[in-house]
Structures are given as structure tokens and as C-alpha cells.
Amino acid sequence: MKKITTLVLFSFLFCVSAFAKDVKMVAATDSSEESNCYIKWAKIFEMRGADTVGDGWHNDVIITFRTGSSAECFDGKALVKDGAVVEMDLRLVDGTYEQVKKKLRYNYPLTVINGMSKTTITVNDELINVLFIKKIKAKKKPYAEAPEPSGY
């Protein structure tokens, strides 16, 4: 009787652990498929890095608005003073610009680090970042592979 109980217990534990691994794998694949425009850009900045963003107006930036797991990315321009974003404007389809006027929850400088501004939060819990895509560093050249030793 003890052997049967032990066998059933081990079988049960084996099935539970196998099921748990399957659940983890499904969760991992689901989260990687839910990539949004902000995550895609952030990965590029993380992999390649960015040059220092100088003061003045910068055209061709991307302004991201995020709520929950969704994100919207828009073309725009930003004014940087003393290493922080002080104004951001969204580009309209006719080529003109409109200033972003959202009520922010906190009043702190949006410093630019590695080509991306710090995240700011609106009173409606919307997250905003400015991405300076022209400052992304170039892709690194791959290493040349050595020949196979078959000819030596």
C-alpha cells in the first residue's frame, strides 16, 4: 500500500511540474508577442545606445503615450535646455506642429539619458517619453569569421 501511495504521489508531482512548465512557456510567448511601438524603440536604444542630445530644437523625435500595455507613437519635435526636454510638439498630417499640453502629475525635469527622456506621468496616469531617434548609434559591424581548417 505504501508503494502505491508513493507512486501515485510522485506521478501527481511529476504531472504538476510538467503542467507548470507549459504554463510558463505559454506566458513567455504571449508577453513577447504583445510588443508595442515604445517597447520596440526602447530595445533599439538599449542595444545600440545613443549619442548625447544637445540643447535646442530637435526635429524627427518620437513622442510616446502609454497607458497600461498599449502605446501610441507620434512624430514630433522637442526643445531641450540644459539636458532636459522643456517643450514637445506633435506633428500634424499637414506638417504643422501642435504643442503637447497635458497636465502632469509631477513637476520635475525630463532629463534625456541615452537618447530617451525620463518618463513623465499625467494626472490621467498616461506615461509620456520623448525618443531622439536621430541620436541612435549606428549598428556595429559584425566580426569576420575565420575560415574552416579543411584546406590546411
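**Exercise 1.** Determine which side chains meet in a salt bridge with Asp-125 and Lys-102, and where the partners lie.

*Solution.* Asp-125 and Arg-105 join through their side chains in a salt bridge, at 2.6 Å from N to O; the term denotes a side-chain nitrogen of Lys or Arg within 4 Å of a carboxyl oxygen of Asp or Glu. Asp-125 lies in the loop between E7 and E8 and Arg-105 in the loop between E4 and E5, so the pair ties together parts that are 20 residues apart in sequence. Strands (E, at least two residues) are DSSP runs, numbered from the N terminus. The model is predicted: local features need pLDDT of at least 70, side-chain atom pairs count only at pLDDT 80 or more, and totals for chains, interfaces and linings use all residues. Residues are numbered from 1 along each chain as its sequence is written, and side-chain values use heavy atoms, with hydrogens and water left out.

Next, the side chains of Lys-102 and Glu-126 form a salt bridge at 2.9 Å, N to O. Lys-102 is in the loop between strand E4 (97-99) and strand E5 (110-113), and Glu-126 in the loop between strand E7 (120-121) and strand E8 (127-131), so this pair ties together parts 24 residues apart in sequence.

**Exercise 2.** Classify Glu-126 and Lys-102 as buried, partly exposed or exposed.

*Solution.* The classes are buried (under 20% relative accessible area), exposed (over 50%) and partly exposed (in between), with a 1.4 Å probe and protein chains only. Glu-126 has 15% and is therefore buried. Lys-102, at 38%, is partly exposed.

Terms used. Helices (H or I, at least four residues) and strands (E, at least two) are DSSP runs, numbered from the N terminus.
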